[in-house]
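Subject: Structure handover and findings

Dear colleague,

Please find below the structure that I am handing over to you. My notes on it follow directly after.

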Amino acid sequence: MSPGGHVDELAVLHERLAELQLELAHYKQKLAANEGRFRLLADAAPVMIWMSGEDGLSSFFNRTWLEFRGRRLEEEVGNRWVEGVHPEDRDFYLETYLKSVSTRKPFRIQYRLQRQGGAYRWVEDTGVPRYDGPGEFAGFIGMAVDIDDRKHGILTPDEDAVRMILTLTERERQVLSLIATGKSTKDTAKELGISYKTADSHRSRILEKLSVHETASLVRYAIRSGLIEP
């Protein structure tokens with residue numbers, strides 16, 4: 001090969017390298033723009049969202065997460081947030097999470113997370129691997145949901161059920177509450193100091209007002225309205 005040909009090949013290689021560097025710069029700019037849009041959307045979400053890098057360390061938490069924790073982003077990134085996981089749940093969480101990072105498999109786990117004020121709340125955390133390009137593992141993205149009320153059997157009252165319960169008189173609500181907790185009409189009458197006939201009459205009116213026909217439906221109404229605990 002002539003010296004001139006060798007120089008031409010080097011020039012072509014340098015030109016191609018410059019093109020690749022330019023393409024890489026454009027690609028990184030596009031990724032940065034996409035990530036910026038993602039963060040804006042994530043901050044508007046009503047659920048807690050987090051993101052980690054390929055090393056497994058957390059790099060982003062949305063506004064809902066930070067408000068829940070009562071901390072700033074710089075206090076949570078890396079592995080700083082893990083100190084908020086309940087000591088009894090921490091090892092199990094780390095084992096599950098690190099295994100998912102190494103295998104690049106999704107995970108779902110429940111653990112207690114300390115919120116602003118110091119109390120611990122049960123959350124369900126779901127994470128999935130994310131990729132910047134075909135086969136280019138970039139870390140994990142996840143979503144955590146507060147399930148503490150569900151975990152402890154606390155239900156949010158159903159608005160329709162509450163509205164129907166409010167159509168009852170105070171005495172009818174007392175009768176409903178006792179019947180829904182398993183009291184017979186006779187026992188309800190005795191506890192309220194009324195006659196059996198009066199208690200049975202209240203029960204009939206309750207069934208009519210709520211448009212139901214059996215005790216099981218009364219129990220469901222009482223639970224859905226928050227009149228009794230499940």
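Which residues lie nearest the centre of the second largest pocket, and how many residues line that pocket? The lining consists of 15 residues, and those nearest the centre are G56, W81, V82, L94 and Y97. Two elements give two or more residues each to this lining, namely β2 (58-61) and α4 (87-103). Of the elements, α4 gives the most, with four residues. The space in this pocket comes to about 170 Å³. Sorted by class, its lining has nine nonpolar residues, four polar ones and two charged ones. Please bear in mind throughout that the model is a predicted one.

The sheet

Five strands make up an open sheet, in the order β2-β1-β5-β4-β3, and their pairing is antiparallel. The edge positions are taken by β2 and β3 (107-114); each has a single partner strand, so one side of each is left without a neighbour in the sheet. On average, and with direction ignored, neighbouring strands in this sheet are turned by 30° against each other.

I describe the pairs starting from the β2 edge. Strand β1 (residues 48-52) pairs with β2 in the antiparallel sense over three bridges. Within this pair, W50 stands opposite F61 in β2. The two strands form a hairpin with five residues between them, and G56 in the turn has a positive phi of about 90°. G56 is also among the residues that lie nearest the centre of the second largest pocket.

Further along, β4 and strand β5 (residues 136-146) pair in the antiparallel sense over ten bridges. Y131 has F137 in β5 as its bridge partner, and R130 is matched with G139 in β5. The hairpin formed by β4 and β5 has two residues between the strands, and G135 in its turn shows a positive phi of about 75°.

At the other edge, β3 and β4 pair over eight bridges, again in the antiparallel sense. Here F107 stands opposite G127 in β4. These strands also form a hairpin, with five residues between them, and G117 in the turn has a positive phi of about 105°.

Salt bridges

How many salt bridges does a search of the whole structure find? The search gives 16. I set out three of these pairs below, with the accessibility of each partner.

- R69 and E76 form a salt bridge in which the closest N and O atoms are 2.9 Å apart. R69 has a relative accessible area of 5% and is therefore buried; E76 is buried as well, with a relative accessible area of 0%.
- D148 and R121 form a salt bridge with the closest N and O atoms 3.5 Å apart. This pair links distant parts of the chain, since D148 belongs to helix α5 (residues 148-151) and R121 to strand β4 (residues 120-133), with their positions 27 residues apart in the numbering. D148 is buried, with a relative accessible area of 9%. R121 also counts as buried because its relative accessibility of 19% is under the 20% cut-off.
- K183 and E191 meet through their side chains in a salt bridge of 3.5 Å, N to O. K183 has a relative accessible area of 35% and is partly exposed; E191 is likewise partly exposed, with a relative accessible area of 48%.

In addition, salt bridges that share partners join R69, R71, E76 and E83 into one network.

A contact across the sequence

Is A180 buried or exposed? A180 is buried, with a relative accessible area of 10%. Its place is in helix α7 (residues 170-180). A180 and L218 are 38 residues apart in sequence, while their C-alpha atoms are 6.3 Å apart in space.

Summary

For convenience, I repeat the principal points here. The second largest pocket, with about 170 Å³ of space, receives four lining residues from α4. The open sheet has five strands with antiparallel pairing, and β2 and β3 stand at its edges. Among the salt bridges, R69 with E76 and D148 with R121 are pairs of buried residues, whereas K183 and E191 are partly exposed.

With kind regards

Methods: Residues are numbered from 1 along each chain as its sequence is written. This is a predicted model: local features need pLDDT of at least 70, side-chain atom pairs count only at pLDDT 80 or more; totals for chains, interfaces and linings use all residues. Side-chain values use heavy atoms; hydrogens and water are left out. On a 1 Å grid over the protein atoms alone, a cavity is a set of points where a 1.4 Å probe fits but cannot get out, and a pocket is an open set with protein on both sides within 12 Å along at least five of seven lines; lining residues have an atom within 4 Å of a point. Grid points are joined across faces, edges and corners, and a volume is the space filled by probe spheres set on the points. Ala, Val, Leu, Ile, Met, Phe, Trp, Tyr, Cys and Pro count as nonpolar, Asp, Glu, Lys and Arg as charged, and the others, Gly among them, as polar. A salt bridge is a side-chain nitrogen of Lys or Arg within 4 Å of a carboxyl oxygen of Asp or Glu. Buried means under 20% relative accessible area, exposed over 50%, partly exposed in between (1.4 Å probe, protein chains only). Two strands pair if DSSP finds at least two bridges between them. Axes are lines fitted to C-alpha atoms, for helices over the stretch in contact, and angles run from 0 to 180 degrees between N-to-C directions.
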